[in-house]
Structure formats: C-alpha cells, structure tokens
Amino acid sequence: PAIDLREWLTQVVSQFQERAIAQSHPIDLKMGDRPLFVRAEEDLLRQALFNLLDNACQYSPPDTPISIRLYSKLRHAAIAVEDNGIGIPSEDLPHIFDRFYRVDLVRRPQHGSFGLGLSIVAQIVEVHGGTIGAASAGDRGTTFTLELPICAASPAKIH
Ligand code: ATP
Ligand code: MG
C-alpha cells in the first residue's frame, strides 16, 4: 500500500522513542512539508528503521544526538539516519550488510549483538526496490541513507 513517509516517520520515531535504548539519545527529525508517498509494507519498513536506530543508539555515546532526515531525490525518497558515534572504518564499510559481520569485536558491546541487524535492513530495502548505503567519517559518526522509489500514485501537486 502507498504510505506518506512524513506521517509514517513521525509515528515510527515516536514509537522508537518509547523504547529503553532510545532514552539516552535525543532524536531530531527533519522533513519538508510536502507528502512523500512510497509503496511499502509498513511493518517491514518499521523493522528496518528500528534496526538502524538501534545501531545509532548502541554505537554512539550517551546524550549525543541522532538525526533523521527525510527528503526527495528525483524519483526517490531518502531517509538519512545520522549518529555522532564511533564510526565505521572505511575498510569495513563494504561488509557491514553481510550476515554476522561485526566490526572490531574487541571494542564493541558483546551482549545481544549478532551482526544480523543490517543484513535484515538490506533485505527489507531490496524487496521494496530501494537501496541502502552507509558513509562514515572516522570517529565522527555514521550516516545510513535508505532510498525508496517514490510511488507513481502520489497525488498530483496542487498549484
Ligand atoms: P544485531 O544483530 O543485534 O543488530 P549488530 O548491531 O552487531 O548486531 P548489525 O546491526 O548488522 O549487527 O551491524 C553490523 C556491525 O556494523 C556492528 O556490529 C557494528 O560493528 C557496525 N555498525 C552498525 N551500525 C553502526 C553505527 N551506526 N555506528 C558504528 N558502527 C555500526
Ligand atoms: Mg545492530
């Protein structure tokens, strides 16, 4: 079904903020004021966003902000999740969407970490015909950008 990502994100972010892991990070949600429709299974897409937000919280120091931006890029809607955490070394970036891949096992929290979250995100994005990418500037944090095709059934812009 077609969903407006603005409404959907507002709802999903407030659901995430009720979780324990979210309590230690302020989340800043930025988006434009025009609806942005995509075709999506809401539950799957929520799982993907929650996995990205779990990571953003887990791999950044307490109280550092996480920003979520929604914007349009030609025929795609983009959701960028940016943290101010420990970052991902460039040599690891090509592998982080692989199943069971975890960076630098010594430094990372061991409990409850399987290296599966991002592989699930990648699969969910793929079934939606979208893409996911990651960029990191050393220890200045990481940005994950998820892109989904804008739905052709979007209501025409009112002039
Ligand atoms: P889980 O299955 O519980 O999600 P995980 O978090 O280790 O375990 P992924 O979410 O797939 O697994 O992430 C893979 C690895 O990528 C992580 O172990 C971590 O090293 C790195 N990583 C993921 N997101 C971030 C982030 N926002 N900042 C820094 N490192 C990250
Ligand atoms: Mg994870």
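At what angle do H1 and H2 pack, and how far apart are their axes? The legends below take up that question and then move on to other close-ups of this predicted model.

**View 1. Helix H1 packs against helix H2.**
The two helices meet at an angle of about 50°, and their axes lie 11 Å apart. That angle is why H1 is described as oblique to H2. H1 passes H2 in a right-handed crossing. On the H1 side, look for Leu 5, Trp 8, Leu 9, Val 12, Gln 15 and Phe 16. Facing them from H2 are Glu 42, Leu 45, Arg 46, Leu 49, Phe 50, Leu 53, Asp 54 and Cys 57. Sorted by class, the contact of H1 with H2 has 10 nonpolar, 1 polar and 3 charged residues.

**View 2. The largest nonpolar core has 38 residues.**
If you would like a few landmarks here, start with Leu 5, Trp 8, Leu 49, Leu 52, Ile 79 and Val 81, which touch the most other members of the core. Two or more residues are given to this core by each of helix H1 (5–16), helix H2 (42–58), strand E4 (66–73), strand E5 (76–82), helix H3 (117–127) and strand E7 (142–149). H2 provides the largest share, with 8 residues. As general background, nonpolar side chains in soluble globular proteins tend to be buried together.

**View 3. A closer look at Leu 5 and its contacts.**
Which residues does Leu 5 touch, once its neighbours within four places in sequence are left aside? Its partners are Leu 36, Val 38, Leu 45, Leu 70, Ala 77 and Ile 79. Leu 5 also belongs to the H1 side of the contact with H2, where Leu 45 is one of the H2 residues.

**View 4. Helix H2 packs against helix H3.**
Here the angle is about 145°, and the axes are 9 Å apart. The crossing of this pair is left-handed. H2 brings Leu 44, Leu 45, Gln 47, Ala 48, Asn 51, Leu 52 and Asn 55 to the contact. H3 answers with Gly 117, Leu 118, Ile 120, Val 121 and Ile 124. The residues of the contact of H2 with H3 divide into 8 nonpolar, 4 polar and no charged.

**View 5. The buried residues of H3, with Ile 124 as a guide.**
Leu 118, Ser 119, Val 121, Ile 124 and Val 125 are the buried residues of H3. Their cover includes H2, strand E6 (131–136) and E7. Is Ile 124 buried or exposed? Its relative accessibility is 6%, so Ile 124 counts as buried. Leaving out residues up to four places away in sequence, Ile 124 touches Leu 44, Leu 45, Gln 47 and Ala 48. Ile 124 and Ala 48 are 76 residues apart along the chain, yet their C-alpha atoms are separated by 6.6 Å. Past the end of the helix, H3 is followed by Gly 129, whose phi is positive, near 70°.

**View 6. Ser 67 in strand E4.**
With a relative accessible area of 12%, Ser 67 is buried, because the cut-off for that label is under 20%. Which residues surround Ser 67, apart from its neighbours within four places in sequence? Asp 28, Lys 30, Ala 80, Val 81 and Glu 82 are in contact with Ser 67.

**View 7. Two loop residues with positive phi, Asp 63 and Phe 100.**
Most residues other than glycine have a negative phi. Asp 63 is not a glycine, but its phi is positive, about 75°. You will find Asp 63 in the loop between H2 and E4. At 62% relative accessibility, Asp 63 is exposed. Phe 100 is not a glycine either, and has a positive phi of about 70°. Phe 100 sits in the loop between E5 and H3. Its relative accessibility is 55%, so Phe 100 too counts as exposed.

**View 8. Ala 137 in the loop between E6 and E7.**
How far apart in space are Ala 137 and Ala 78, C-alpha to C-alpha? They are 20 Å apart, with their positions 59 residues apart in sequence. With a relative accessible area of 41%, Ala 137 is partly exposed.

Key. Residues are numbered from 1 along each chain as its sequence is written. Chains are lettered from A and ligands numbered from 1 in the order in which they are written. This is a predicted model: local features need pLDDT of at least 70, side-chain atom pairs count only at pLDDT 80 or more; totals for chains, interfaces and linings use all residues. Side-chain values use heavy atoms; hydrogens and water are left out. A nonpolar core is a set of buried Ala, Val, Leu, Ile, Met, Phe, Trp, Tyr and Cys residues joined through side-chain atoms within 4.5 Å. Buried means under 20% relative accessible area, exposed over 50%, partly exposed in between (1.4 Å probe, protein chains only). Helices (H or I, at least four residues) and strands (E, at least two) are DSSP runs, numbered from the N terminus. Contact means heavy atoms within 4.5 Å. Axes are lines fitted to C-alpha atoms, for helices over the stretch in contact, and angles run from 0 to 180 degrees between N-to-C directions. Angles under 35 degrees count as roughly parallel, over 145 as roughly antiparallel, 65 to 115 as roughly perpendicular and the rest as oblique. A crossing is left-handed if the near helix is turned anticlockwise from the far one by less than a right angle, and right-handed if clockwise. Ala, Val, Leu, Ile, Met, Phe, Trp, Tyr, Cys and Pro count as nonpolar, Asp, Glu, Lys and Arg as charged, and the others, Gly among them, as polar.
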